[in-house]
Amino acid sequence: MADKVNHPKHYNAHPSGIECIQVVEHMNFNLGNAIKYIWRADHKGGIEDLKKAVWYTQREIERLSRTDKLRK
């Protein structure tokens, strides 16, 4: 029986055996969420998950753009 709380199938289905959290815990929030949604798209949310990944990626681009403007 799958552990839906601690090890959901859609985060453990990668052929490498790596769990999504092992990768994304080393990223910031926006990038980690983008990867999370891409990682599970084939197993859970499909196009909706890919749109969420784009949303978080765009948010990170905007954050970095603001940071760059402050440095100049």
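**His 7 and the pairing of helices α3 and α4**

In this predicted model, His 7 is partly exposed, with a relative accessible area of 43%, a value that falls between the limits of 20% for buried and 50% for exposed residues. His 7 belongs to the segment that precedes α1 (residues 9-12). When residues up to four places away in sequence are set aside, the contacts of His 7 are with Asn 12 and Glu 19. Cys 20, which is 13 residues from His 7 in sequence, has its C-alpha atom 9.7 Å from that of His 7.

Helix α4 comprises 26 residues (46-71), for which a rise of 1.5 Å a residue predicts a span of 38 Å, and the C-alpha atoms at its two ends are indeed 38 Å apart, in agreement with that expectation. Within α4, the residues Asp 49, Ala 53, Tyr 56 and Glu 60 are buried, and the elements that cover the buried residues of this helix include α3 (29-40).

The axes of α3 and α4 come within 8 Å and cross at roughly 160°; α3 is therefore roughly antiparallel to α4, since the angle is over 145 degrees. The crossing in which α3 passes α4 is left-handed. The residues that take part in the contact of α3 with α4 comprise eight nonpolar, three polar and six charged. On the side of α3, the participants include Phe 29, Leu 31, Ala 34, Tyr 37 and Ile 38, while those contributed by α4 include Asp 49, Ala 53, Tyr 56 and Glu 60, the residues of α4 noted above as buried.

Note on methods:
Residues numbered from 1 in each chain as written. Predicted model: local features only at pLDDT ≥ 70, side-chain atom pairs only at ≥ 80, totals over all residues. Heavy atoms only, no water. Helix = DSSP H or I, 4+ residues; strand = E, 2+ residues; numbered from the N terminus. Buried < 20%, exposed > 50% of the residue type's maximum accessible area, 1.4 Å probe, protein only. Contact = heavy atoms within 4.5 Å. Expected span 1.5 Å × (residues − 1). Axes fitted to C-alpha atoms, helices over the stretch in contact; angles between N-to-C directions. Parallel < 35°, antiparallel > 145°, perpendicular 65-115°, else oblique. Left-handed = near helix turned anticlockwise from the far one by under 90°. Nonpolar A, V, L, I, M, F, W, Y, C, P; charged D, E, K, R; others polar.
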